[in-house]
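Here is a walk through one protein chain. Keep the sequence and the 3D view side by side as you read.

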Amino acid sequence: MSDDTTGAAPEPGSQWYDGEAGPLVRPYAMTGGRTKPGPTGVRFDLIALVTLDPGASAADDDTLGPEHRALIDLCRTETQSVAELAAGTDLPVAVVRVLLGDLLELGRVSVSRPVPPAQLPDERILREVIAGLRAL
């Protein structure tokens, strides 16, 4: 194994290249080794909705990595759930959560929490309302 510090792309056949997937980057490299989103300990549920701040632009910040920019681009068109963002970027959910924590701290995105099950209306009441509407 040679120590290549030139920054050149990995050559086919090296340990950092997969014939089908292309160059490999480990998830911890994208998050700087972090596993929790931000120092505030924000927890992103899979169904939490992420909305781009109207004034946010990925182009004007050199501190953002390509993964951060991909998340911003996906949120630019519409509000996305954490699960949708993970699928759209083809990144593990844990990585997306850390990257979203960064964007939240920078004020680039806002997060809407899903309604807790305890605050949802009782299913029995909803069925009674539906039955009442059908009776009209």
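The paragraphs below take up confidence, the sheet, helix 4 and the core in turn.

This is a predicted model, so start with its confidence, the predictor's own score for each residue from 0 to 100. The protein chain averages a pLDDT of 75. At least 70 is reached by 64% of the residues. Over residues 1-14, pLDDT stays under 50. For that stretch the model has six contacts beyond four places in sequence.

Now find the sheet. It is open, has three strands and follows the order 4-3-5, with antiparallel pairing. Strand 4 (80-81) and strand 5 (109-112) are the edge strands, each pairing on one side only. Strand 3 and strand 5 run antiparallel and are joined by four bridges. Valine 50 stands opposite valine 111 in strand 5.

Turn next to helix 4. It lies across strand 3 and strand 5, at about 115° to strand 5. Its 13 residues reach 18 Å from first C-alpha to last, close to the 18 Å expected at 1.5 Å a residue. Buried residues in helix 4 include Val96, Arg97, Leu100, Asp102 and Leu103. After the helix comes glycine 107, with a positive phi near 75°.

Finally, look at the largest nonpolar core, which holds 18 residues. Among those touching the most other members are Val50, Leu71, Val82, Val96 and Leu100. Strand 3 (49-52), helix 2 (66-77), helix 3 (82-89) and helix 4 (93-105) each give two or more residues to this core. Which element gives the most? Helix 4 does, with five residues. Take valine 96 in that helix. Beyond its neighbours within four places in sequence, valine 96 is in contact with Leu71, Val82, Leu85, Ala86, Thr89 and Leu91.

Definitions and conventions
Residues numbered from 1 in each chain as written. Predicted model: local features only at pLDDT ≥ 70, side-chain atom pairs only at ≥ 80, totals over all residues. Heavy atoms only, no water. Core = buried A, V, L, I, M, F, W, Y, C linked by side-chain atoms within 4.5 Å. Buried < 20%, exposed > 50% of the residue type's maximum accessible area, 1.4 Å probe, protein only. Contact = heavy atoms within 4.5 Å. Expected span 1.5 Å × (residues − 1). Pairing = 2+ DSSP bridges. Axes fitted to C-alpha atoms, helices over the stretch in contact; angles between N-to-C directions.
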